[in-house]
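Let's take a walk through this model, starting with its open space and ending with a couple of backbone oddities. Keep the structure open beside you as you read.

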Amino acid sequence: MFPRITQYAHQLLQSRIKVGDWVIDATMGNGHDTLFLAQLVGEVGKVYAFDIQTQALHNTNELLETYNLRHRVELFQQSHDRLHFPLSSIAAVVFNLGYLPGSDKTIATMPETTLKAIENSLELLKVGGLVVLTIYWGHEQGQLEKEAVEKYVEGLSYPEYMVLRYQYVNPKNNPPFILAIERRK
Ligand code: SAM
């Protein structure tokens, strides 16, 4: 069987992130990706995780505490389009677009802020670094966001950036998919 979407995103990240790297989770949610990143960067690396919801920070904090990895992560209750801190040489940035599972579906990522956040992420990325976006577009504003992100990544200059798409094409109800951007130069 082909890897599931979440598995494939993790495979891409695992193949690229090394112990000691700095990485960003742009949509921490319940913290599953934040935890995965914290496991990859080791004791000397760092994860910077963003979300606008208090609930997301609470859930992520609890999850990291359970695994004794809280010290590897900095949590920010801040929109990811304000990703302007004095960091560069980031190895990977992860986005899971959409809403927090089990929470208010109206608090979802939005096209304008998502595009700004991707743009900022590319500026922070080191050569060989990845931005991995998982796009859930079954909800109301998801379709618009999907189209905006597709248009943006298709316009990135080649071969400075290489963009990969991973998607099951025959399910009927807007299956999620991955867009992964690699900075080559
Ligand atoms: N990766 C998460 C996990 O492992 O549980 C799931 C992320 S969930 C699909 C999307 C998250 O993006 C929600 O928690 C939502 O609050 C957050 N979000 C929405 N707009 C945001 C923004 N402008 N900046 C940062 N996070 C945002």
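## The largest pocket

The largest pocket holds about 650 Å³ of space. It's lined by 35 residues, and those closest to the pocket's centre are Thr27, Asn96, Gly98, Tyr99 and Leu100. If you'd rather think in elements, three of them give two or more residues to this lining: helix H1 (5-16), helix H2 (32-41) and strand S2 (46-51). Bear in mind that this is a predicted model.

What's the chemistry of the wall like? Sorted by class, the lining of the largest pocket has 18 polar residues, 15 nonpolar ones and two charged ones.

## The ligand in its place

So what takes up the largest pocket? That's where the ligand goes: the space it takes is this very pocket. Around the ligand you'll find 21 residues, with Asn30, Asp51, Gln53, Ser79 and His80 the closest. This shell breaks down into twelve polar, seven nonpolar and two charged residues.

A few polar pairs are worth picking out on screen. Asp51 puts a polar side-chain atom 2.6 Å from a ligand oxygen. His80 works through its backbone instead, with a polar atom there 2.9 Å from a ligand nitrogen. Then there's Asn96, which has a side-chain N or O atom 3.4 Å from a nitrogen of the ligand. As for cover, the ligand has 600 Å² of accessible area on its own, and the protein covers 95% of that. Asn96 deserves a second look here, as it is also among the residues closest to the centre of the largest pocket.

## A closed cavity

How many cavities of 30 Å³ or more are there? The count comes to one, and the volume of the largest cavity is about 30 Å³. Its lining is made up of Ala9, His10, Leu13, Asp33, Val94, Phe95, Asn96, Val132 and Thr134. Helix H1, strand S4 (90-96) and strand S5 (125-135) each give two or more residues to that lining.

By class, the cavity lining has five nonpolar, three polar and one charged residues. Two names come back from the pocket: helix H1 gives two or more residues to the pocket lining and does likewise for the cavity, while Asn96 lines the cavity and has that side-chain atom 3.4 Å from a ligand nitrogen.

## Two backbone spots to check

Where does the chain do something unusual? Start with Tyr158 and Pro159, which are joined by a cis peptide bond with omega at about 10°. Pro159 belongs to the loop between helix H5 (142-154) and strand S6 (161-166).

The other spot is Asn68. This residue isn't a glycine, but its phi is positive, near 60°. You'll find Asn68 in the loop that runs between helix H3 (54-66) and strand S3 (73-77).

Terms used: Residues numbered from 1 in each chain as written. Predicted model: local features only at pLDDT ≥ 70, side-chain atom pairs only at ≥ 80, totals over all residues. Heavy atoms only, no water. Near = heavy atom within 4 Å. Polar contact = N/O pair within 3.5 Å; in protein donor to acceptor, adjacent residues only side chain to side chain. Areas by Shrake-Rupley, 256 points an atom, 1.4 Å probe, with all protein chains shown as cover. 1 Å grid on protein atoms, 1.4 Å probe; cavity = no way out; pocket = protein on both sides within 12 Å on 5 of 7 lines; lining within 4 Å. Sits in = over half its atoms within 2 Å of the grid points. Nonpolar A, V, L, I, M, F, W, Y, C, P; charged D, E, K, R; others polar. Points joined across faces, edges and corners; volume = space filled by probe spheres on them. Helix = DSSP H or I, 4+ residues; strand = E, 2+ residues; numbered from the N terminus.
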